[in-house]
Amino acid sequence: LKDDLDRIGMVGDPDLYASLLRRCGNARALSEGKYVHAHIIKSGYDRDRFIGNCLVQMYGNCGNLEGAREVFDAMTQRNVFSWNIMIAAYSQNGYVKDARILFDKIPERDVVSWNTMVAAYAKNGHGKEALQLFREMRLKGVIPNKVTFITILDVCANLSALVEGNKIRDSMANTGFESDVVVATVLINMYGKCGCPNEARSVFDKMVQRNVVSWNAMIAAYGKNGHGKEALRLFRKMQLEGLTPDRITFVCILDACTSIASLAEGKEVHASIVNSGFESDVLVGTALVNMYGKCGSVENAKAVFDKMLERDVVSWNAMIAAYVQNGRGREALELFQRMQHEGMKPNSLTFVSVLDACASLAALTEGKLIHSTVVASGYELDGIVGNSVINMYGKCGSPDNSRSVFDKMHRPDVVSWNVIIAALGQNGHAEDALKLFRKMLQERVKPDGITFVSILSA
């Protein structure tokens, strides 16, 4: 970096500056980016709009919004790209409100401005706001492009917003975008997540060109909707057509095997994974552990887990869950201890599994220790973990502790009420269970079938 800058001296070179700033931004190398910025100031190129835009982008990519905004505010001749990259800088660092404030101030927006703001909402978990902005965009007569449709269809997928997704697909009718491989793949994904695998297949079958991502999306659409056999047939067809599966293909098809608890097919896929060289991949290895666990083959799950060169928290969770699901709670607790000794930090799903293990063993001492770890790890207020703690104490014959945890919950949902009512009922506190049921109704929490089963059992 220093050699490149020394070579051009104080004369400056805008193309080199742009290249260096892109490299710094991509590497999130802030100190090096600031060094380039200092050289730009000395050479006088800090007043150049193109270089200013590159600086905003670099600072945004490095997570330094203060630096990005300082450069942006100092620019005397901004263009629409300047506004767009500043909005993107806010978005990628999670400052959606600031992005929107800036978006509303743009003198003249282009389609990229709208796309950037829609994506800002989408990437930060504000799908409904993204849809609302898309509608506003259409009302203002802005014509969406391919990027717009890809972003907004992905929003519909994540929200399971089938009606909106169909409307957006209809609006693409005369654009030709549906024949684009990326757009069609996003449509398949959207229909899969909205529970419509047949619609997804209709889009898939019309595709003139498909890539491995398209096949993966269709296999996932079948797998997620309980059509494991169709997913396996499609996987075999993919191989017959000469496409090489990637790690995502194997994860999707293993999920399909899991959904139909098909151990034989799972083992066949495992053999393909070994032949393809993906067995050491952490994502694929974890999917294998999960598949074997769900199919009741704990020893195979353990064999895969033990061979993994790299494990993340999801891998540990999958193996712990495999033990719990197959009635081997003691081994789950032993693995949890090993996980902690190896320095892997548990997450909420880890705690849910090990608390379930304690519940299945009626292991009150271990349950209390895990509860204290839950509190120390900051998961005490997590609703799902809290429900598991209540259930554990109930199954371990300690309803007073169950009630203590329940009473500390800020907003107990129907599951929380069900678990505490069951905990009291299972331990001979029928009157208290009925009182809680009445309180549940008073607080306008709607009972479900499990509530009534718990009350009748009490």
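A pocket, as the word is used here, is an open set of grid points where a 1.4 Å probe fits, with protein on both sides within 12 Å along at least five of seven lines, and its lining residues have an atom within 4 Å of a point. One thing to keep in mind while reading: this is a predicted model.

1. Let's start with the largest pocket. Its lining takes in 14 residues, and those nearest the centre are D46, R47, V71, A74 and M75. Three helices give two or more residues each to that lining: α3 (30-43), α4 (49-61) and α5 (65-74). The volume of this pocket comes out at about 290 Å³.

2. What is the chemical make-up of that pocket lining, by class? It's a mix: five residues are nonpolar, five are charged and four are polar.

3. Now for the enclosed space. The count gives one cavity of 30 Å³ or more, and the largest cavity has a volume of about 40 Å³. If you want to find it on screen, pick out I188, N189, G192, K193, A217, A220, A221 and K224, which line it.

4. Which helices supply at least two residues each to the lining of the largest cavity? They are α12 (181-193) and α14 (212-224). Sorted by class, the cavity lining has four nonpolar residues, two polar ones and two charged ones.

5. S315 deserves a look of its own. You'll find S315 in helix α20, which covers residues 313-325. S315 counts as buried because its relative accessibility is 0%, and the cut-off for buried is under 20%. Its side chain has a polar partner, though: the side chain of T286, at 2.8 Å. Leaving aside residues up to four places away in sequence, S315 touches V282, T286, F305 and M308.

6. Next, a backbone point about R28. This residue isn't a glycine, yet its phi is positive, at about 50°. R28 sits in the loop that runs between α2 (14-26) and α3. Is R28 buried or exposed? With 53% relative accessibility, R28 counts as exposed, since the cut-off for that class is over 50%.

7. A261 is another one to check for backbone geometry. Phi of A261 is near 50°, so here too we have a positive value in a residue other than glycine. A261 belongs to the loop between α16 (247-259) and α17 (263-276). The relative accessible area of A261 is 48%, which makes this residue partly exposed.

Note on methods
Residues numbered from 1 in each chain as written. Predicted model: local features only at pLDDT ≥ 70, side-chain atom pairs only at ≥ 80, totals over all residues. Heavy atoms only, no water. Points joined across faces, edges and corners; volume = space filled by probe spheres on them. Helix = DSSP H or I, 4+ residues; strand = E, 2+ residues; numbered from the N terminus. Nonpolar A, V, L, I, M, F, W, Y, C, P; charged D, E, K, R; others polar. Buried < 20%, exposed > 50% of the residue type's maximum accessible area, 1.4 Å probe, protein only. Polar contact = N/O pair within 3.5 Å; in protein donor to acceptor, adjacent residues only side chain to side chain. Contact = heavy atoms within 4.5 Å.
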